[in-house]
Amino acid sequence: MNSSCSGKLHGFRQIAQEKLQHVFYSIPSEKDLIIEPALIKPLEHVCGASWLRKKGIDKIYKFDPKNPPPKRKQLVYFINSNLLTFKSVLDQISGYQSQTSSLMEVDIRNKQYHVLVMPSVLASFEHLLEEEGLHGIVELYNFQWDFLQLDDSILSLELPDVFADVFVRKDTTPLSSMAQSIRIFNLVMGNPHIVFSLGENAEKIVQMVLRMESNKHSSMASSVVGKENNKTEENAGKDPEYAAMLVLDRDRDYPACLLTPVVYCGLLLEIQTLNSGSLLVDSDSNKIKIGKLAFLQQQDLTQGSSKQEATSLQMSGTQDMIYLENRYRHFSEVISLLSSQAKTLGLEGKAYSREMKLHEMNDYVTNKLPKVAAAKKELFKHLRLCETIVEEIGANFEKHQMIEESILTNTNRKQIMNYILELLSSDAHKYNTLRLICLYHVTIGLSGEDMTKLMTAYLNAFGYRYLAVFSNLFQARLFPDTTNLSKTKILSQISIPTLKTPFQIEANKLKQLPTDSNESVPTAGSGRDAGLAGVKPGQINVGKTCASYVFNGNYIPLVAQLAHMIFAAPSFDNLNTRLGHLERLKVFGRVLQRNNQGSVDTYATPKTIKELATSCHKAALNQLFPLKEKTMFIFIVGGITYAEIAACHLLEQTIGAKIVLSSDRIIAGHDLIESVISC
């Protein structure tokens, strides 16, 4: 990535600081900040404690509904846009008000309570404020930090519960916040020549962006955005930093989230929790242990009582060189590399000798030894994580990979069912077992009989209080409808298995299934038959050439395949041949903003590739392809996985492209299912 583009990505932090500064300057005199714990880590990407103090913040407290901090001066609450959290804030404020003498008249001109809501204030907040009798006493503010740069070419909005809200509850409120952030991105980077959207929500977001761009002076825009809007016409004629943009719905490619990755960064999220680029390193607790039944954990409780302190690992190549070197490697390769690195550090640590001269000793102790100690400390974190991965996932990994491959290729259905039922009876996991069931349904489709068996086994394992979970999964298209199963419908579902499922037909058109097309694909390896650990270093092919290596050669993520096809298309006609069958893939962009008369139509109606192939825009689109600059901005609605990031990173290296990936947050399959269960 060139320095100009990298500098602009860093500019999003400055924009967020300007927005936050504007809010703080509008509140006179000193104030205390009470911040919701979930927002602390993301806020660290925007500013530090010293910056906050310079803007008038005296003390900073974590928000605790049961233990309010002392009221000394004005209070500024910083919370997520959650009604229950807001109710807890108002309860605290009511408590402060009751301590104030009732004889004192409230001065509404100098409000003592301010609530900063991320990303926006909901209408229900205003109604609740009136119901609590605090209207005129509490001031509400919108704040959105837009994109946070978590790593090189990786951006995140760090918005919670987007998948549950949009895909399960069908609440599209978060879409406007995402559209506003993409609008800011366009102002900074320039409007791309062509924009693709795949999915209903993705299309809505792009349409919102177009509306905002056609109404630059709308009252919805903040003061910071208003300053940038003045430059829009000036920047319109310039070439954008990214030639193309792709906005994709999470439900368009569930397998990329439900499959188990084999790359190191992907497996890290399988065992530990990620919070705004910071990974918890705790050997005593992880996602696997938490999700298993209590009686399956009893054997672990009897083990040694020595507990290691939990630390954090920054999943950023700029902050951790070990992570930078290994993040996109096959896990079995990482183990051997870390082992050799540990031996090297051990030899460096023994470099001290009594035969050294005094100045050599001083130089070693002052310069060399601290670096070796720091490197050992960081390496120890990675070794602890690798050990946890092997302990929690490694034993069953080879068989699990074979089952996932069978699911993708629609083979050995009986073996798949027996494997899932065996898991539910002997090694049930609240999230990962359900994740495998959802993968089965998305790729093959569950019959009524199989659905009943799996539901019964799951509810017997975890309790019938989870019955509503299957309804939530149905809303997200991860499970069949359980409420309308007549005998006729059940009989129709128990049909003779077809050779190709709808998923396979679609995936084969896009060439996403190397194992199903019987093609020899160079991947990360022969590790597919070797399990997760214990693979010899020589078995791993470092020169990967197929993005399917992130899933052990079984599947290519849709986002990587679409980006590859767009970059590789020599003409728009060729793109129509490859992607014209995707009815949900809509096209927007500068090229479509000119009509037959040559005038500019800022808000052009999006069209499918097939429709554009027979329209008046065909000539202009053919001139656009092949893209002069292989640059693309990708946004996934509902969460992006590290497997998809790794696949796109490989594409960058293979064809010399420049791709920036972003989403509302970075997730794993475990997180997706957990968000559905928590609805």
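These are my notebook entries on helices, backbone geometry and one strand residue in a predicted model.

**Entry 1: helix H18**

I started with helix H18, which covers residues 413-426. I checked its length against the ideal rise: at 1.5 Å a residue, its 14 residues should span 20 Å, and the end C-alpha atoms are 20 Å apart, so the two agree. I then listed the buried residues of H18, and they are Ile-416, Met-417, Tyr-419, Ile-420, Leu-423 and Leu-424. Looking down the axis of H18, I found these buried residues within an arc of 160°, so they line one face of the helix. On the other side of H18 I noted Lys-414 and Ser-425 as exposed.

**Entry 2: helix H24**

Next I looked up burial in H24. I found this helix mostly covered, with 9 of its 11 residues buried. The buried stretch at the start of my list is Leu-558, Val-559, Ala-560, Gln-561, Leu-562 and Ala-563, and the list also includes Met-565, Ile-566 and Phe-567.

**Entry 3: H19 against H29**

I describe two packed helices by the angle between their axes and the distance between the axes. For helix H19 (residues 432-443) and helix H29 (residues 669-677), I read an angle of about 95° and axes 9 Å apart. Angles of 65 to 115 degrees count as roughly perpendicular, so I recorded H19 as roughly perpendicular to H29. On the H19 side I have Asn-432, Leu-434, Arg-435 and Cys-438 making the contact, and on the H29 side Gly-669, His-670, Ile-673 and Ile-677. I sorted the residues of this contact by class and got 4 nonpolar, 3 polar and 1 charged.

**Entry 4: cis peptide bonds**

I looked up two cis bonds, each leading into a proline. Met-118 and Pro-119 are joined by a cis peptide bond with omega of about 5°. I placed Pro-119 in the loop between strand E4 (113-118) and helix H5 (123-131). The peptide bond from Phe-625 to Pro-626 is also cis, and here I read omega near -5°. Pro-626 sits in the loop between helix H27 (618-624) and strand E15 (631-637).

**Entry 5: positive phi**

I then turned to backbone phi. Ser-153 is not a glycine, yet I found its phi positive, near 70°. I located Ser-153 in the loop between strand E6 (148-151) and strand E7 (154-156). Its relative accessibility is 7%, so I count Ser-153 as buried. Asn-552, again a residue other than glycine, has a positive phi near 60°. Its loop runs between helix H23 (502-509) and helix H24 (558-568). I read 1% relative accessibility for Asn-552, and therefore count this residue as buried.

**Entry 6: Val-115**

My last entry concerns Val-115, which lies in strand E4. Buried means under 20% relative accessible area, and at 0% I count Val-115 as buried. I checked Val-115 against Leu-75: they are 40 residues apart along the chain, and their C-alpha atoms are separated by 8.3 Å. For contacts I left aside the neighbours of Val-115 within four places in sequence, and this gave Tyr-77, Ile-79, Phe-86, Val-89, Val-138, Glu-139, Leu-140 and Tyr-141. I closed the notebook on strand E4, which holds Val-115 and is followed by the loop with Pro-119.

Technical notes. Residues are numbered from 1 along each chain as its sequence is written. This is a predicted model: local features need pLDDT of at least 70, side-chain atom pairs count only at pLDDT 80 or more; totals for chains, interfaces and linings use all residues. Side-chain values use heavy atoms; hydrogens and water are left out. Helices (H or I, at least four residues) and strands (E, at least two) are DSSP runs, numbered from the N terminus. The expected span of a helix is 1.5 Å times one less than its number of residues. Buried means under 20% relative accessible area, exposed over 50%, partly exposed in between (1.4 Å probe, protein chains only). The arc is that of the directions from the helix axis to the C-beta atoms. Axes are lines fitted to C-alpha atoms, for helices over the stretch in contact, and angles run from 0 to 180 degrees between N-to-C directions. Angles under 35 degrees count as roughly parallel, over 145 as roughly antiparallel, 65 to 115 as roughly perpendicular and the rest as oblique. Contact means heavy atoms within 4.5 Å. Ala, Val, Leu, Ile, Met, Phe, Trp, Tyr, Cys and Pro count as nonpolar, Asp, Glu, Lys and Arg as charged, and the others, Gly among them, as polar.
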